[in-house]
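Reader: I've got a model open and I'd like to learn how to read its contact surfaces. Can you walk me through it?

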There are 2 protein chains.
Amino acid sequence: MTFNPIDIADADDPRIAAFRSIRERDMTGREGRFIAEGTVVLRMLAAAHAQARGFHAEAILILRSRLAGVAEILACFPSEVPVYVAEPAVFNAITGFDMHRGVLAIGRRAEAPGLKDLLATAPPLVLAACGLSNHDNMGALFRNAAAFGAGAVVMDRTACDPTYRKSIRVSVGAVLTVPFAREGSIETVIGALIAEGYALWGLSPRGRVALDAIPPAPRTALLVGTEGEGLPDAIMAAIDTARIAQAPGLDSLNVATAAAIALHRIATVNGLVG
Amino acid sequence: MTFNPIDIADADDPRIAAFRSIRERDMTGREGRFIAEGTVVLRMLAAAHAQARGFHAEAILILRSRLAGVAEILACFPSEVPVYVAEPAVFNAITGFDMHRGVLAIGRRAEAPGLKDLLATAPPLVLAACGLSNHDNMGALFRNAAAFGAGAVVMDRTACDPTYRKSIRVSVGAVLTVPFAREGSIETVIGALIAEGYALWGLSPRGRVALDAIPPAPRTALLVGTEGEGLPDAIMAAIDTARIAQAPGLDSLNVATAAAIALHRIATVNGLVG
């Protein structure tokens with residue numbers, strides 16, 4: 001496949017309207033669209049597009065000086081995806097901020113599988129998150145889920161959108177590779193996991209057993225709560241829970257860091273990583 | 001101890017000159033001064049001050065609406081530390097940005113123990129970092145070091161300053177509680193660790209043994225490299241190295257996350273956390 005860069009000399013060119021003022025626009029995440037920024041995420045988007053993982057690119061905008069460096073990636077997109085090229089002054093006038101490193105794409109998430117369909121694929125390790133509201137933490141959770149081979153991330157509907165620009169960037173593109181569902185209440189998510197035969201473990205400083213006591217299982221789901229409040233008491237009481245041994249009297253670990261420690265342990269005892 | 005809030009009605013008041021435009025000023029970290037922001041870090045600074053851990057407060061600036069909420073913490077500082085209070089318009093005019101949550105202090109780090117003196121205190125677990133340049137990662141490293149009872153963080157002189165405002169904030173104040181040294185080359189740091197009898201383990205995706213193979217030892221030091229390059233080949237060849245099992249073909253874990261996983265494991269097998 002090839003690409004034919006289209007020069008953009010005017011920030012008001014209607015062809016690049018979707019890129020204008022993306023800092024505000026991407027907060028909404030409306031109509032399934034999202035912003036991919038940087039070389040690493042662009043490469044992940046190309047792979048997700050090619051492998052029909054439910055994401056595709058609608059348009060790409062590249063700073064002229066970055067074009068040669070990403071040509072190989074751009075060639076991986078279908079030729080109908082337009083590649084726009086602009087000089088720095090025009091580029092910054094279009095995007096309104098300078099955090100993009102000169103590599104941006106508008107992506108779109110297709111109709112994704114629902115919670116039940118996703119779990120029916122039976123990934124041996126699933127990460128579940130309840131009420132997560134911080135986009136950095138969401139991105140880091142996906143990065144760690146990918147690192148330890150989690151086959152899905154499932155969230156209640158109050159969780160923030162993983163396809164927010166910053167989450168995708170912090171995830172190093174893992175949001176585009178790890179299938180996820182975000183729907184229903186946390187009770188719905190838990191019910192679906194149990195119905196599919198998952199051994200469900202809540203992770204909390206108040207967990208009843210040590211992390212190393214989580215036994216191997218054909219399907220394990222790890223549930224994490226928000227950083228501030230953690231898991232609600234009612235959920236803590238209803239499911240098995242584990243804790244990470246820590247020095248006494250300290251603020252708890254970051255939620256994504258805690259999840260990484262637990263996912264690593266579960267993946268190791270189940271032989272999912274090597 | 002008590003405190004007597006001093007009203008500041010003019011952003012140009014010379015008494016609060018140290019707080020002006022701190023976003024730029026704190027990048028320099030000159031003369032051992034640093035910026036502490038937010039309630040959690042202020043509480044850690046008060047504790048560090050009271051316990052003579054080598055940090056003390058020079059001045060505190062509080063948004064009036066936050067005063068009641070932090071009064072208990074302010075009362076923990078010696079009465080000679082001035083507490084300035086301002087309304088929002090003046091506060092923002094002083095500080096030049098709005099990320100402070102209305103709670104700021106200027107702190108100063110006293111002459112700290114050098115690398116050798118610090119290691120001579122023989123903490124059972126030490127975190128060593130080589131060439132770390134990202135302030136977020138530095139802060140997260142300290143947070144994780146504290147969580148798993150590391151008694152010191154030792155760095156080469158090319159590492160970034162942990163007392164930069166953002167590092168302190170990301171560390172949730174752990175920069176003020178975990179003793180650290182930053183001096184010399186990484187070879188100097190490694191030499192000092194070995195001279196003090198530390199079992200030294202480099203952490204890398206190319207590590208020669210799995211993390212779980214690190215044996216218990218009276219003193220263990222974990223060495224991490226920069227996120228981009230990791231540990232230099234010469235160092236990898238010269239010391240024992242361990243890897244964290246991960247899914248194949250992925251970008252490696254964040255350096256602070258990887259350190260957390262390894263510190264948790266080392267602290268657990270040595271009985272340092274429960």
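Author: Sure, and keep in mind that this is a predicted model. Let's start inside one chain: domain 1 of chain A and domain 2 of chain A share three residue pairs in polar contact, both partners at pLDDT 80 or more.

Reader: Which elements supply the side of domain 1 of chain A that touches domain 2 of chain A?

Author: β2 (33–37) and α2 (39–50) of chain A each bring at least two residues to that side. Of these, α2(A) gives the most, with five residues. Sorted by class, that side of domain 1 has eleven nonpolar, one polar and six charged residues.

Reader: How many salt bridges are there between domain 1 of chain A and domain 2 of chain A?

Author: To call one, look for a side-chain nitrogen of Lys or Arg within 4 Å of a carboxyl oxygen of Asp or Glu. Between these two domains the count is two. Take Arg169(A) and Glu37(A): their closest N and O atoms are 2.7 Å apart.

Reader: Where do the domains of chain A begin and end?

Author: The domain assignment puts domain 1 at 6–109 and domain 2 at 115–269. Their centres, taken over C-alpha atoms, are 30 Å apart. The contact draws 18 residues from domain 1 of chain A and 14 residues from domain 2 of chain A. Together the two domains bury about 1,500 Å², with 64% of that on carbon and sulfur atoms.

Reader: Now the other surface. What do chain A and chain B bury between them?

Author: About 2,200 Å², of which 58% is on carbon and sulfur atoms. Arg143(A), Ala245(A) and His264(A) supply 23% of the area that chain A buries against chain B, more than any other three residues. In contact terms, 28 residues of chain A meet 28 residues of chain B.

Reader: How many salt bridges and polar contacts lie across the interface of chain A and chain B?

Author: There are two salt bridges and four residue pairs in polar contact. One of the salt bridges joins Asp212(A) to Arg265(B), with the closest N and O atoms 3.0 Å apart. As for elements, α6 (135–147) and α10 (255–269) of chain A each give at least two residues to this side, and the largest share, six residues, comes from α10(A). The class split is 13 nonpolar, nine polar and six charged.

Reader: What turn lays chain A on chain B?

Author: A turn of 180° does it, with a shift of 0.0 Å along the axis and an RMSD of 0.0 Å. The two copies are therefore related as by a two-fold rotation axis. The same surface serves both copies, and 100% of the contact residues of chain A recur in chain B.

Conventions:
Residues are numbered from 1 along each chain as its sequence is written. Chains are lettered from A and ligands numbered from 1 in the order in which they are written. This is a predicted model: local features need pLDDT of at least 70, side-chain atom pairs count only at pLDDT 80 or more; totals for chains, interfaces and linings use all residues. Side-chain values use heavy atoms; hydrogens and water are left out. Copies are superposed by least squares on the C-alpha atoms of residues with pLDDT of at least 70 in both. Contact means heavy atoms within 4.5 Å. Domain bounds come from an automatic or database domain assignment. Buried area is the accessible area (1.4 Å probe) that two parts lose on being put together, summed over both. A polar contact is a pair of N or O atoms within 3.5 Å; within protein, one must be able to donate a hydrogen and the other to accept it, and residues adjacent in sequence count only if both atoms are side-chain atoms. Helices (H or I, at least four residues) and strands (E, at least two) are DSSP runs, numbered from the N terminus. Ala, Val, Leu, Ile, Met, Phe, Trp, Tyr, Cys and Pro count as nonpolar, Asp, Glu, Lys and Arg as charged, and the others, Gly among them, as polar.
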